[in-house]
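This report describes how two protein chains meet in a structural model. The sequence and the model are shown first.

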Amino acid sequence: MAVQLELIKSIPYFSGLSTAELDSVKGLIFERQAERGEFILLEGEPADALYIVVSGIVKVFKTSAEGKEQILQLIRPGDSFNDVPIFDGGANPASAQAMGPVVLYSIKKSDIHSILRNHPQVALNVAQVLSQKLRNLVSLVEDLSFKHVTARLAKILLEYAGDGSAPRQRLTQQEMAAIAGTAREIIGRSLKELEGEGVIRLDHHRIVITDKEALRRMAGLVT
Amino acid sequence: MSQMSEIPIIVQDRCNGCGLCVNVCSCGSLVLFEDVISFIDSGRCGWCTLCEAVCPTGAICCPFEIVLEGR
């Protein structure tokens, strides 16, 4: 599939650019596809490109020496990843893996620098994108430092809940554990605990949220 | 697709044919034949996720759909 101008327009990096400017940027964007489980980036390797998710979900994560995984962020359509090494010149700070079939746009590091020079609006957009990413990381540090696992899980369930009308990203217990910064076994116990409290129901392959307000309270989202 | 016909995802490329998943499957819906894992009756699967938990290579996934009740 060719790179679509309409899709580029919806990417926060290129917000506010004219059609002519978007057209000039379009020539520097390459499409890449990946299958479920495929690695897109490996932590510690040289960074060569910025990636933007067009469809599907990509997990960005760190792995400990013992093999424990901590998901830093799940990247949804329109969002970018590998931004930091593109600007600071360092290696990839984390690995990235496709959670299902994904379509990505990539822009080479050298091309990003020329886009910034030619389109100052993009520099402002980059500052906004990086600020939002910093906020997300601070929120993750807060959750890992101060919240009990059940509260972290409650927050994850609320974040990933759909109304059943459209396909949503599904999560395995391992993935929930990697987001919550805990072990899979703890997630299994926490799910049972939430079910015991009557706020969710485990219904075969579905986790049904039966009391959203109670779950919000458990997640610390309301006082 | 009916709810009970949902089955865990098997990534055959990653399966090493160890058979641990068959060993722990409490509903008897998994079989190992000539080193290939498959489901013999999707309706039996109770989504206990034990197969996913014991798989040493991450070849079986039991992803949950998270939904709000009554929507």
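Which residue of chain A meets the side chain of Glu69(B) in a salt bridge? The partner is Arg201(A), with an N to O distance of 2.6 Å. The model is a predicted one, and the account below sets this pair in the context of the interface and of the sheet built from both chains.

**The interface**

Across the interface of chain B and chain A, the rule finds five salt bridges. Residue pairs in polar contact between the two chains number 13, counting pairs in which both residues are at pLDDT 80 or more. On the side of chain B that touches chain A, helix 2 (50–54) and strand 5 each supply at least two residues. Strand 5 of chain B gives the most to this side, with four residues. By class, the side of chain B that touches chain A is made up of 11 nonpolar, three polar and six charged residues.

The extent of the contact can be stated in residues and in area. Chain A contributes 25 residues and chain B contributes 20 residues. Together the two chains bury about 2500 Å², and 54% of this area lies on carbon and sulfur atoms.

**The shared sheet**

Strand 5 of chain B also takes part in an open sheet of three strands, ordered 9(A)-10(A)-5(B), in which the pairing is mixed. Strand 9 (200–203) of chain A and strand 5 (65–68) of chain B stand at the edges; each has a single partner strand, so one side of each is left without a neighbour in the sheet. On average, neighbouring strands of the sheet are turned by 25° against each other, direction ignored.

The link between the chains within the sheet is the pairing of strand 10 (residues 206–209) of chain A with strand 5 of chain B, which is parallel and runs over four bridges. Two residues of chain A and their counterparts in strand 5 of chain B are listed here.

| Residue of chain A | Counterpart in strand 5 of chain B |
|---|---|
| Ile207(A) | Ile66(B) |
| Ile209(A) | Leu68(B) |

**The helix across the sheet**

Helix 6 (residues 149–160) of chain A lies across strand 9 and strand 10 of chain A together with strand 5 of chain B. Helix 6 of chain A runs at about 95° to strand 10 of chain A.

Conventions:
Residues numbered from 1 in each chain as written. Chains lettered and ligands numbered in written order. Predicted model: local features only at pLDDT ≥ 70, side-chain atom pairs only at ≥ 80, totals over all residues. Heavy atoms only, no water. Pairing = 2+ DSSP bridges. Axes fitted to C-alpha atoms, helices over the stretch in contact; angles between N-to-C directions. Contact = heavy atoms within 4.5 Å. Buried area = accessible area lost by both parts, 1.4 Å probe. Salt bridge = Lys/Arg side-chain N within 4 Å of Asp/Glu carboxyl O. Polar contact = N/O pair within 3.5 Å; in protein donor to acceptor, adjacent residues only side chain to side chain. Nonpolar A, V, L, I, M, F, W, Y, C, P; charged D, E, K, R; others polar.
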